[in-house]
Amino acid sequence: MDKAKRYNNIKLALNLGGTLSGWLFMLAIVLLGFSSWAEVMVSFVTSSPYLALLAFGAIIGIVETILFFPLSFYGGYILEHKYGLSNHTLRSYFWEKFKAFGVGLVIGVPLLLVFYYLLRTFPEIWWLYVGVFMFLVSVVLGRLAPTLIFPLFYKFKPIDDETVAATIRKRCGDAGMKVEGIFQFDMSKTTKKANAAFTGIGRSKRVILGDTLLEEFDHDEIDAVLAHELGHFKMKHLWKMMAIGTLFTFVGLYLVSVAYAAWIERLGFENITQLATLPLLTLLFGIYSFVSGPVQNSISRRHERQADRFSVEMRRDSSAMARALEKLADQNLADREPHPVVEFLFHSHPSIENRIAHLRAQPVET
């Protein structure tokens, strides 16, 4: 077994193990009475249902973090270093985790409070209001993330290579896409992996390229990768995936609401807003996400193949994109040929070998 396959098999086992363990944890703390105990404890501290929710969430979150820290640390730090993919020091690893925790609090606490308010105020159709709220939040975050959130984790600056910048501007102009800027960011401070993307919505739309990509890829390969991303723009994949994601969100919220109400009634809890039952809601959301994921992944893989074809058609060349995929596979230690079941269940992109084969089979107009 080659190095990349070993690495990806370990990552898959860790992810599946973490997911299953998380589900069992949420189920166990309810069935064993820990969540009920935590609810009683916070009731001694405050009579406000919303402060009680935050205190309850803190208790559950602390216990979960302690229990799952070894798994998280091994997958995020030890394994990445073992396979030569991480540039983190121990200090920088924990600093990045601390920043992510802070951002999560700033965003997550208001979202949690609004969610609980909707659950309490509209107990019969809370799922509908929550779905609308989540859609609005996703649009706002898509607009603000490139300018407010991403810079908390990486340093962005205008791209140094003017040749690359000029090519990107021309490609964007040819595709009818307006971007606010072309930036490179210090991806190398944490990883040896490479990436590039169009981010943002509306006036926050920008092109970002990791410094690892700029250092390892030639101009033609970078051009091919950006042409691929432009394919997503031209075919409106972002908006299509947002629409599909919104549909899946509403369906999932409804199904979860039905299962949640039935479950807590069977377990003898008072109502759906009782704090002790909320871990069950988390569990049900996780199960739905896992089950619905393959459907959304299959749509995403189709979009990736379409964007690959667009890159070839725009540049009238398939070799540069094929080389770029080869380099991405090597640099990111990707599994070039995952098992078909694994690809179906978990991969949002077709396998590297599959993509390269389709590129080579595509006729190129001269």
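**Sheet**

I began with the strand order and found an open sheet of four strands, S1-S2-S4-S3, with mixed pairing. Strand S1 (156–158) and S3 stand at the edges with a single partner strand each, so each has one side without a neighbour in the sheet. I noted an average twist of 30° from one strand to the next. The model I am reading is a predicted one.

I then went through the pairs. S1 and S2 run antiparallel and are joined by three bridges. In that pair I found Pro158 opposite Phe183 in S2. I looked up what lies on the sheet as well: helix H8 (residues 219–234) packs there and touches S3 and S4. The direction of H8 makes about 35° with that of S3.

Strand S2 (residues 182–185) pairs with S4 in the parallel sense, over four bridges. I took Gln184 as a marker and found that its bridge partner in S4 is Leu209. Strand S3 (residues 196–199) also pairs with S4 over four bridges, but in the antiparallel sense. Here Thr199 is the residue opposite Arg206 in S4.

**Strand S4**

I checked how well S4 is covered. Strand S4 spans residues 206–210, and five of its five residues are buried. In a regular strand, side chains alternate between the two faces of the sheet. I therefore listed the two sides of S4 separately, and both faces are covered. Arg206, Ile208 and Gly210 lie on one side, Val207 and Leu209 on the other, and all are buried.

**Surface patch**

I looked for nonpolar side chains at the surface. A nonpolar patch is formed there by Ile125, Leu128, Tyr129, Val132, Phe135 and Leu136. Together these residues have about 490 Å² of accessible area. I picked Leu128 for a closer look and placed it in helix H5 (residues 126–149). Its relative accessible area is 36%, and since the partly exposed class runs from 20% to 50%, I entered Leu128 as partly exposed.

**Two residues in helices H10 and H11**

I looked up Lys327, which lies in helix H11 (residues 319–332). Lys327 is partly exposed, at 31% relative accessible area. Leaving out residues up to four places away in sequence, I found Lys327 touching Glu216, Phe217, Asp218 and Glu221. I also noted a C-alpha separation of 11 Å between Lys327 and Asn195, which are 132 residues apart along the chain.

I did the lookup for Arg309, in helix H10 (residues 278–315). Arg309 counts as partly exposed, at 37% relative accessibility. Arg309 and Leu230 are 79 residues apart in sequence, while their C-alpha atoms are 11 Å apart.

**Salt bridges**

Side chains of opposite charge can pair when their charged atoms come close. I counted with a cut-off of 4 Å between a side-chain nitrogen of Lys or Arg and a carboxyl oxygen of Asp or Glu. The count came to 18 salt bridges. I wrote out some of them.

Lys99 forms a salt bridge with Glu96, with 3.2 Å between the closest N and O atoms. I placed both Lys99 and Glu96 in helix H4 (residues 90–121), three residues apart, about one turn of the helix. I checked the cover of both partners against the under 20% limit for buried. Lys99 has 16% relative accessibility and so counts as buried. Glu96 has 14% and so counts as buried.

Glu162 forms a salt bridge with Arg169, and here the closest N and O atoms are 2.3 Å apart. I entered Glu162 as partly exposed at 46% relative accessibility. Arg169 is partly exposed, with a relative accessible area of 44%.

I also found the side chains of Asp330 and Arg336 meeting in a salt bridge, at 2.8 Å from N to O. Asp330 has a relative accessible area of 53%, and since exposed means over 50%, I entered Asp330 as exposed. Arg336 counts as partly exposed at 22% relative accessibility.

My last lookup was for linked salt bridges. I found a network that joins Arg171, Asp220, Asp223, Arg315 and Asp317.

Methods: Residues are numbered from 1 along each chain as its sequence is written. This is a predicted model: local features need pLDDT of at least 70, side-chain atom pairs count only at pLDDT 80 or more; totals for chains, interfaces and linings use all residues. Side-chain values use heavy atoms; hydrogens and water are left out. Buried means under 20% relative accessible area, exposed over 50%, partly exposed in between (1.4 Å probe, protein chains only). Two strands pair if DSSP finds at least two bridges between them. Axes are lines fitted to C-alpha atoms, for helices over the stretch in contact, and angles run from 0 to 180 degrees between N-to-C directions. Contact means heavy atoms within 4.5 Å. Patches are made of residues with over 30% relative accessible area and no salt bridge: like charges are joined within 9 Å, nonpolar side chains (Val, Leu, Ile, Met, Phe, Trp, Tyr) within 5 Å. Accessible areas come from the Shrake-Rupley method with a 1.4 Å probe; for residues, only the protein chains shown count as cover.
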